[in-house]
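Here is a short briefing on one protein model. Keep the sequence and the 3D view open while you read.

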Amino acid sequence: MDKKILLTAAAALTLGGLASCSQSASQKNDVASTGVTAVDGFEVEQNIMSDSRYYRAVSDTDTFYLTMTTTMQYPEKLGGTEVKVLQDSVLTALYGTGADVMTPKEAIETFLADVVPYGLGTTTAVDTIPDSSDGTRCLYVARMGEISEVNKLYLTYSILSTQYMGGAHPMTYTASFTYSIDKGCVLTYDNMFTQGSEAALTKAVRETIADQFEITPDKLTDAGFFSNDIQPSRLVSVQDGAIVFHYNPYEIAPYAMGPINVAIPAYQLRDSLTPLAKSILPNVSE
């Protein structure tokens, strides 16, 4: 079997395809529900969509069963603001380039139907999958998105993309992006930090990692990291008022160390933040 690792959300979640501020056949268990939450008088409404597909795959040497599944929290309302840019960004981050021109249902159905890239051989849709306890080879691909934080200034959206194609363990990719409610755009590394701030950000990231692991910045390899020369991740978001640099397994450390979040209090990066970033972090505004 051609065991291809295809976390297609990984490419999307570089945030290159999102609207940054620099730019002017269904299973019976399909679920769709709407939730309305008041955030300090700021009404937030979302639609929760979930669906799955099952496949039997036959290669030259083996037979496999594949489960494709996805769940998405789709924002419908943020106070009285326009949410089309946020909706398009969610679809792009979850389902890749081109999903933003589809309806949410179309994007989900396209994702669930696209099994060819996984290189499993001839695939046929089936209604159920046999119990793996009898030796059946069971694989899966899952994509999930949820609103992880929302207030009157920003919304942070988190993605989980995981798959098991055989081998020692699943492959998992996670990322988050932050959306400015007032500006109506996604914050990215390039529009959050000023030009020339790379050295200051690098120093802050390394020192914060060292503090987390109770070592000094020149001894990161002693804690299991691949190098002492860790650079700021381009996967950056705002969570609980902190700037979070996110690293997935194998980026800076072995799989066993898991995903690594480097959360730096925003005030520590005040001199490196753009006016846009400061607009959603009022406590660091000059």
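Which residue in β5 is the bridge partner of Leu-66? The partner is Leu-139. The model is a predicted one. The protein has six helices and eleven strands. Of its 286 residues, 47% are buried.

**Overall surface**

- The accessible surface comes to about 13700 Å². Carbon and sulfur atoms hold 50% of that surface.

**Strands around β5**

- β5 pairs with β3 in the parallel sense, over nine bridges. The Leu-66 and Leu-139 pair is a bridge to β5.
- β5 also pairs with β6, here in the antiparallel sense and over ten bridges.
- Ala-142 has its bridge partner in β6, namely Thr-162.
- The link from β5 to β6 is a hairpin of three residues.
- Strands of a sheet pair through backbone hydrogen bonds, either parallel or antiparallel.

**The nonpolar cores**

- The largest nonpolar core has 37 residues. Leu-66, Met-68, Met-72, Leu-78, Tyr-95 and Tyr-157 touch the most other members.
- Seven elements are listed as giving two or more residues to this core: β2 (42–58), β3 (63–78), α2 (84–95), α3 (104–113), β5 (137–150), β6 (154–164) and β7 (171–180).
- Apart from this core lies another, of 31 residues. Its members include Phe-193, Val-238, Ala-253 and Leu-269.
- Which residues does Met-72 contact, leaving aside its neighbours within four places in sequence? They are Asn-47, Ile-48, Met-49, Val-90, Leu-91, Leu-94, Tyr-95, Pro-104, Ile-108, Gly-145 and Tyr-157.
- In soluble globular proteins, nonpolar side chains tend to be buried together.

**The sheet β9-β10-β11**

- Three strands form an open, antiparallel sheet in the order β9-β10-β11.
- Why is one side of β9 and of β11 left without a neighbour in the sheet? β9 (236–239) and β11 (260–265) stand at the edges, and each has a single partner strand, so one side stays unpaired in the sheet.
- On average, neighbouring strands of this sheet are turned by 30° against each other, direction ignored.
- β10 (residues 242–247) and β11 run antiparallel and are joined by six bridges. Within this pairing, Val-244 stands opposite Ala-263 in β11.
- Helix α5 (residues 198–212) lies across β10 and β11. The helix runs at about 115° to β11.

**Salt bridges**

- How many salt bridges does the structure hold? There are eight. Three of them follow, in sequence order.
- Lys-84 and Asp-88 meet through their side chains, at 2.7 Å from N to O. The two are four residues apart in helix α2, so about one helical turn separates them.
- Lys-84 is partly exposed, at 40% relative accessible area. Asp-88 is buried, at 19%, because the cut-off for buried is under 20%.
- Asp-182 bridges to Lys-183, with the closest N and O atoms 3.8 Å apart. Asp-182 is exposed, with a relative accessible area of 65%. Lys-183 is partly exposed, at 47%.
- Arg-206 and Asp-229 form a salt bridge through their side chains, at 2.2 Å from N to O. This pair links distant parts of the chain, 23 residues apart. Arg-206 is in helix α5, and Asp-229 is in the loop between α5 and β9.
- Side chains of opposite charge can pair when their charged atoms come close.

**Positive phi outside glycine**

- Glu-214 is not a glycine, but its phi is positive, at about 55°. Glu-214 lies in the loop between α5 and β9.
- Is Glu-214 buried or exposed? Glu-214 counts as exposed, at 72% relative accessibility.
- Asp-240 is not a glycine either, and has a positive phi of about 55°. Where is Asp-240 placed? Asp-240 sits in the loop between β9 and β10.
- Asp-240 counts as exposed, with 72% relative accessibility. The cut-off for exposed is over 50%.

Technical notes:
Residues are numbered from 1 along each chain as its sequence is written. This is a predicted model: local features need pLDDT of at least 70, side-chain atom pairs count only at pLDDT 80 or more; totals for chains, interfaces and linings use all residues. Side-chain values use heavy atoms; hydrogens and water are left out. A nonpolar core is a set of buried Ala, Val, Leu, Ile, Met, Phe, Trp, Tyr and Cys residues joined through side-chain atoms within 4.5 Å. Buried means under 20% relative accessible area, exposed over 50%, partly exposed in between (1.4 Å probe, protein chains only). Contact means heavy atoms within 4.5 Å. Two strands pair if DSSP finds at least two bridges between them. Axes are lines fitted to C-alpha atoms, for helices over the stretch in contact, and angles run from 0 to 180 degrees between N-to-C directions. A salt bridge is a side-chain nitrogen of Lys or Arg within 4 Å of a carboxyl oxygen of Asp or Glu. Accessible areas come from the Shrake-Rupley method with a 1.4 Å probe; for residues, only the protein chains shown count as cover.
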